[in-house]
Amino acid sequence: MTPVKLWWWRWRFPAELNFGDEVTAPLLERLTGRPVTWTPLESADVVGAGSVLQKILRARPTSMPQVWGPGVISPYAGGVPDGFAPLAVRGRLTLEHLDPSVQGRVALGDPGILADRLVDGPVTKRYTLGVIPHYKDATDPAIRALTTLPGTRRIDVAWTPEEVAREIAACHVVLSSSMH
């Protein structure tokens, strides 16, 4: 079976992963039944989750890949190619950058909202609270104090997407400064 040629941001790979970027590959594999291979942006057929839409628009303005769920990280002043019609974008702020003629046909949502599909089998709720700090917040004293409360689980975005999804499923409530 031909692999899906997917590009996603690889922050400090392989030393550190980021759930928000890494989640697209295992999701596509599960949803399509096809293997996924990381491919340089210049030759990718699909781009998924992450704050990467500006990078795609700058790198491939005339030959856009399929776009499934990325967002903008800050206001984007560059142009969007005519006819650009992503399958989905992360949210309304990203949607505002698109041509009004395609806005009504674009789904909203980061692929990470499907992360429960990465969990195999039932999961017992073991934690009252799950805390997922953004990597910039990981050493914040308030976050550290919160994660020492009884029944609290600190979930690290650098774990594999399957580990993150399973630990989220094991929590009754999740607080996050990391996920959109």
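**Salt-bridge exercises**

Glutamate 22 forms a salt bridge with arginine 10, their closest N and O atoms lying 2.9 Å apart. A salt bridge here is a side-chain nitrogen of Lys or Arg within 4 Å of a carboxyl oxygen of Asp or Glu. By this rule the count comes to five.

This is a predicted model: local features need pLDDT of at least 70, side-chain atom pairs count only at pLDDT 80 or more, and totals for chains, interfaces and linings use all residues. Residues are numbered from 1 along each chain as its sequence is written, and side-chain values use heavy atoms, with hydrogens and water left out.

**Exercise 1.** Place glutamate 22 and arginine 10 in the chain, then state the burial class of each.

*Solution.*
1. Glutamate 22 sits in helix H1 (residues 19-22). Arginine 10 lies in the loop between strand E1 (4-7) and H1. Helices (H or I, at least four residues) and strands (E, at least two) are DSSP runs, numbered from the N terminus.
2. The two residues are twelve residues apart.
3. Buried means under 20% relative accessible area, exposed over 50%, partly exposed in between (1.4 Å probe, protein chains only).
4. Glutamate 22 has 9%, so glutamate 22 is buried. Arginine 10 has 25%, so arginine 10 is partly exposed.

**Exercise 2.** Which residues do salt bridges with shared partners join into one network?

*Solution.*
1. Glutamate 167 pairs with arginine 126 at 3.2 Å between the closest N and O atoms. The two are 41 residues apart.
2. Arginine 153 pairs with glutamate 167 at 2.8 Å. Arginine 153 is in strand E8 (residues 152-154), glutamate 167 in helix H7.
3. The network therefore joins Arg126, Arg153 and Glu167.
4. Glutamate 167 is buried at 12%. Arginine 126 is partly exposed at 45%, and arginine 153 is partly exposed at 27%.
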